[in-house]
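Here is a quick tour of this fold, strand by strand and helix by helix. Have the model open as you read.

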Amino acid sequence: MKTLVLGGDGFCGWPTSLHLASQGHDVLILDNLARRSIADRISSPSLTPIASIEKRIAAAQSIGSIAFEFCDIATDCLRLKEILAQFQPDTVVHFAEQRSAPYSMLGDSERRFTVDNNINGTNNLMSSLVELGQRPHVVHLGTMGVYGYNDDFGEIPEGYLDVTVKQTQKDVSICYPGNPGSIYHMTKVLDHTIMQFYAKNWGFRITDLHQGIVWGTDTELTRSHPQLINRFDYDGEYGTVLNRLLSQSQVGHPLTVYGTGGQSRAFIHIQDTARCIHLACGNAPDEGSLPQVFNQIAEVHTVRVLAQMISDKTGVEIGFQDNPRKEAAENQLRVSNQGLRSLGFEPITLDDHLMKEIESTVVAFKDRIDHSVIDSKARW
């Protein structure tokens with residue numbers, strides 16, 4: 001299977017690209033390397049010393065068929081169409097988006113960049129495929145944040161809500177009402193609308209993966225060679241919450257918890273991200289159907305519970321801070337993940353062994369931690 005991975009140099013894209021290549025996919029990565037340039041701009045490089053894309057690809061040749069082309073899909077449609085016409089993918093995995101909610105809320109330029117990059121990239125991809133007459137299975141990495149974080153409608157279903165219309169008493173299925181909490185999450189809501197439109201009008205097969213917060217750093221493959229190591233973000237803008245807390249614990253920084261820490265969130269390990277996308281690639285929906293939605297999560301915890309777990313293990317105190325975000329102080333979150341489970345997904349869960357995996361990464365590189373970027377600068 002020829003698989004085009006957009007944004008394959010990123011935190012989720014890189015281990016997924018390696019996993020797909022190891023499973024026999026002919027992988028071509030397209031990336032504009034924006035995540036690397038943003039790290040330079042905000043003076044927060046990866047905790048792990050990641051190799052250049054050229055060295056990564058060279059080392060990955062021992063795993064399977066994998067190549068790289070530089071392309072900014074949000075701004076260079078001609079180049080994108082050239083690559084699509086030449087490669088003719090069976091599957092397109094779309095990671096090529098600015099992925100940080102805090103970064104998207106830093107200021108005017110970050111808000112505009114996130115919208116321009118994410119929305120233009122998605123539309124350019126779909127429009128280019130229409131122009132070329134190609135109909136690959138499009139697998140898009142979305143986020144649980146499109147739903148909002150509450151159980152107002154009960155357990156969050158996978159993309160669609162079954163309701164009864166009062167006026168007609170008809171039972172219908174509607175897209176779950178979007179309730180984004182940041183500019184980044186807003187773009188993911190809009191992505192789904194764009195993809196639904198293209199599926200309806202041009203018969204695309206689309207899978208939208210609403211993913212939880214990713215924790216962990218490496219997979220079996222990224223650990224197999226020093227040049228394949230994955231990036232690890234610990235800063236307040238790009239570090240995911242569990243990775244940030246574990247990094248803070250290793251340098252004695254009070255564990256950063258906003259408000260009461262009662263925010264419930266869904267989590268998934270980075271290795272499961274790669275495994276789930278592989279499952280999704282092999283299970284496309286019917287042509288022209290509504291985009292298939294899977295909730296890509298393993299478990300749900302509150303931030304306070306996670307922080308207490310780490311505090312108990314390390315002795316580092318919890319540093320409760322005023323919440324800089326507009327969000328509920330406490331929330332309940334119940335999420336269905338039956339779609340991927342029905343395909344054989346058995347998730348990795350938070351246990352001592354896997355927490356030690358992250359701790360060992362942080363311990364090995366903790367001298368690279370810059371304390372000045374630990375706290376988030378975004379306020380909303």
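## Starting at E1

Let's begin with strand E1 (2–6), which is mostly covered: four of its five residues are buried. Keep in mind that this is a predicted model.

E1 has partners on the E2 and E4 strands. With E2 it runs parallel, joined by five bridges, and leucine 4 has leucine 28 as its bridge partner there. With E4 the pairing is also in the parallel sense, this time over four bridges. Leucine 4 turns up again here, with valine 92 as its bridge partner in E4. E1, H1 and E2 together form a right-handed β-α-β unit.

## The seven-stranded sheet

Where does E1 sit in the wider strand order? It belongs to an open sheet of seven strands, ordered E3-E2-E1-E4-E5-E8-E12, with parallel pairing. The edges are taken by strand E3 (66–70) and strand E12 (292–296), each of which pairs on one side only. On average, neighbouring strands of this sheet are turned by 20° against each other, ignoring direction.

At the E12 end, strand E8 (residues 205–211) runs parallel to E12, and five bridges join the two. One of the matched pairs is histidine 210 with asparagine 295 in E12.

Two helices that pack on this sheet are worth a look. Helix H1 (residues 13–22) touches strand E1 (2–6), strand E2 (26–31), E3 and strand E4 (91–94), and its direction makes about 160° with that of E2. Helix H7 (residues 183–202) touches strand E5 (137–143), E8 and E12, with its direction at about 155° to that of E5.

## The three-stranded sheet

There is also an open sheet of three strands, in the order E9-E11-E13, and here the pairing is mixed. Strand E9 (213–215) and strand E13 (299–302) are the edges; each has a single partner strand, so one side of each is left without a neighbour in the sheet. Neighbouring strands are turned by 45° against each other on average, again with direction ignored.

Strand E11 (residues 264–269) and E13 run antiparallel, joined by four bridges. Phenylalanine 267 finds its bridge partner in E13 at glutamate 299. Helix H9 (residues 270–281) packs on this sheet, touching E9 and E11, and its direction makes about 75° with that of E11.

## H4 against H6

How do helix H4 and helix H6 cross? The axes of H4 (residues 77–87) and H6 (residues 108–132) come within 10 Å and cross at roughly 55°. That angle makes H4 oblique to H6, since it falls outside the 65 to 115 range for roughly perpendicular and is not under 35 degrees, as roughly parallel would need. The crossing is right-handed.

As for who meets whom, H4 brings Cys77, Leu80, Lys81, Leu84 and Ala85. Facing them from H6 are Asn124, Leu125, Ser128, Leu129, Glu131 and Leu132.

## Threonine 219

Last stop: a single loop residue. Threonine 219 lies between E9 and helix H8 (241–250). Is threonine 219 buried or exposed? Its relative accessibility is 5%, and the cut-off for buried is under 20%, so threonine 219 counts as buried.

What does threonine 219 contact, leaving aside its neighbours within four places in sequence? The contacts are Pro15, Ile270 and Gln271. Pro15 falls in H1 (residues 13–22), while Ile270 and Gln271 fall in H9 (residues 270–281).

Key
Residues are numbered from 1 along each chain as its sequence is written. This is a predicted model: local features need pLDDT of at least 70, side-chain atom pairs count only at pLDDT 80 or more; totals for chains, interfaces and linings use all residues. Side-chain values use heavy atoms; hydrogens and water are left out. Two strands pair if DSSP finds at least two bridges between them. Axes are lines fitted to C-alpha atoms, for helices over the stretch in contact, and angles run from 0 to 180 degrees between N-to-C directions. Contact means heavy atoms within 4.5 Å. Buried means under 20% relative accessible area, exposed over 50%, partly exposed in between (1.4 Å probe, protein chains only). A crossover is right-handed if, with the strands pointing away from the viewer, the path from the first strand over the helix to the second runs clockwise. Angles under 35 degrees count as roughly parallel, over 145 as roughly antiparallel, 65 to 115 as roughly perpendicular and the rest as oblique. A crossing is left-handed if the near helix is turned anticlockwise from the far one by less than a right angle, and right-handed if clockwise.
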